[in-house]
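Q: Please take a close look at one part of this model and then follow its connections outward. I would like the cut-offs behind each term stated as they come up.

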Amino acid sequence: MNKNLYDSTTSNSGLPKLNLAQLPKLKHQSAKLYERVANEVIRLIEQGILARGERIPSIRNLQKQLGVSLSTVVQAYSLLENQGFIEARPNSGYYVKVQPEKALLESKTSYPLSDTHWNTISDIVYCLQSAAQNPEIIPFGTNIPGVQLFPTVKLNQFLIDTSRRIGEQANTYEAFCGNEALRYQLAKRSLQWSSGISSEEIVTTAGCMEAINLCLRAVARPGDTIAIESPTYYGIILLLESLGMKALEIPTHPEDGVCLENLEDTLKNKSVKACLFILNFNNPQGTCMPDERKKYLVEMLSRHKIPLIENDVLGSLYFGKTRPCSAKVFDKEGFVLLCSSFSKTLVPGYRVGWCVPGRYLTQVTHLKSVTSVSTGTLVQATIAEFLQNGNYDKHLRLVRKTYSRQIEYVMEVIKNYFPSGTLVNKPRGGYVLWVELPQTVNSLDLLRQALTKHISIAPGPIFSPTGKFSNFMCLNCANPWSSNLEQGLITLADLVSQRMYDN
């Protein structure tokens, strides 16, 4: 037994009492402090001191025993969970898992920065997604909300209660169109962003990306041209590429979104099969098209019999007093296919989205049946219960305030530390910032340097199929503000200044 690590006495709660007084000395070794904490807990498990199924000290108790920060213990327990050594039980605490999945904690691998690995947008996106799995990297480059803001405890309890309530039904396939209770709740909420939609018009999906995928396949074929905003979310660009469809970039106004005059001229001269736009809080610009322009857009496309696939995944993350409406509210002929999900507003891991495909309902439902059969039964039913009990609206009010405040913090640091010539497009919703850097700064080069400092950014060229916006970057502001984030931004500002000097 390692007596420096473990004291056989117990705490007041009856839990084993850990004695890691020597742990601070390990800060100068190669492993991070939280990794040392995690490895020592693993040693206790492997030696049988902490038995399988036994409760381990709470985060706060362990923090007090070790004299380290709460964040250190949180990171250690998160790592232990990811490695399969411990598990969190709602309203109970952390326990040693019966069958740990791994026997070792390995150091994080480095990420490839060479040009040979960055030949396409997909290569860069893969790099950013890989970096997001490393807790040591400050994740300004990923389009993912901070996990600390998820209502995890409540959702876990709803998941358990729903599983008990529906019993064996949780293990069966859902209908192709989706869970009836969830579609009913979505129909009730549709009055907030549309003119009211019936549950029969809704198809649930595995996230918003599947909804967009199904809608694209319902209205277009490989080789067809799809008009998109420029810039737009890189996932859309990659999806069009995978479907063999051509992306046609339409310029955007920094506040109003898609330039409708430019789009109208384009439709007169080119064959466009469909439009795919993010009208409410576009990612990455954060623009929100005014309602009167949405109406004009829908009427214009209806005259040309061109479908509009509307990605409204961020529409509920508004900073003003009211939610902006969707273009679907102006749809009289069924040419608008509305897509959204709970991935950006509530919980990404459940992968629950939906679409309202209008006149293409039959095609989308059929494509759903042959693509993924149905969306998960238990997660749909859980979210339906969460919506019915009013928890979703409470959560939205919290995250809207949080994202708005965090964007203000990031903008303030940019104002104070970034070099002259840096411009920021202030969004009215969502959680990303579109930053224009001085002309001489290439954001791909900046990403390479930033990763060496354990910081990720989303470089501008991944938001354009033709690689535009080389001196732009997008910053994710969805992680709770901290001194670590602030210092990461200051370091990023120094790197931008260095790039200006080098050029």
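A: Pro461 counts as buried because its relative accessibility is 10%, where buried means under 20% relative accessible area, exposed means over 50% and partly exposed covers what lies in between, computed with a 1.4 Å probe and protein chains only. This is a predicted model, in which local features need a pLDDT of at least 70 and side-chain atom pairs count only at pLDDT 80 or more, while totals for chains, interfaces and linings use all residues. Residues are numbered from 1 along each chain as its sequence is written, and side-chain values use heavy atoms, with hydrogens and water left out.

Pro461 belongs to the loop between strand 17 (458–459) and strand 18 (472–476); helices (H or I, at least four residues) and strands (E, at least two) are DSSP runs, numbered from the N terminus. Leaving aside residues up to four places away in sequence, Pro461 touches Ile121, Ser443, Leu444, Gly467, Lys468, Phe469 and Ser470, a contact being heavy atoms within 4.5 Å. One of these partners, Ile121, is 340 residues away along the chain, yet the two C-alpha atoms are separated by 7.8 Å. Another, Phe469, sits in the loop between strand 17 and strand 18 as well, and has a positive phi of about 65° although it is not a glycine.

A second long-range pairing of positions involves Pro465 and Glu241, which are 224 residues apart along the chain and have their C-alpha atoms separated by 9.1 Å. Glu241 is part of helix 8 (residues 234–242), and it counts as exposed because its relative accessibility is 56%. In the loop between strand 7 and helix 8 lies Pro231, which is joined to Ser230 by a cis peptide bond with omega of about 10°.

The strands that flank the loop of Pro461 belong to an open sheet of 4 strands, with the order 14-15-18-17 and antiparallel pairing; two strands pair if DSSP finds at least two bridges between them. Strand 14 (423–425) and strand 17 are the edge strands, each with a single partner strand, so one side of each has no neighbour in the sheet. Further in, strand 15 (residues 432–436) pairs with strand 18 in the antiparallel sense over 5 bridges, and Trp434 stands opposite Cys474 of strand 18. In a regular strand the side chains alternate between the two faces of the sheet.

Across strand 14, strand 15 and strand 18 lies helix 13, which runs at about 20° to strand 15; axes here are lines fitted to C-alpha atoms, for helices over the stretch in contact, and angles run from 0 to 180 degrees between N-to-C directions. Helix 13 (391–417), along with helix 12 (377–388), is also among the elements that cover the buried residues of helix 5. Those buried residues are Leu155, Phe158, Thr162 and Ile166. They lie on the same side of helix 5 because they cover an arc of only 60° around the axis, the arc being that of the directions from the helix axis to the C-beta atoms. On the other side of helix 5, Val153 and Arg164 are exposed.

Helix 5 (residues 152–166) has 15 residues and reaches 21 Å from its first C-alpha to its last, close to the 21 Å expected at 1.5 Å a residue, where the expected span is 1.5 Å times one less than the number of residues. Just after helix 5, Gly167 takes a positive phi of about 55°. A positive phi of about 65° is found in Val373 too, although Val373 is not a glycine. Val373 is placed in the loop between helix 11 (361–371) and helix 12, and with a relative accessible area of 30% it is partly exposed.

For the wider setting, the protein chain has 15 helices and 18 strands, and buried residues make up 55% of its 503 residues. Of the contacts in the protein chain with a separation of 6 or more, 71% come from residues 24 or more positions apart.
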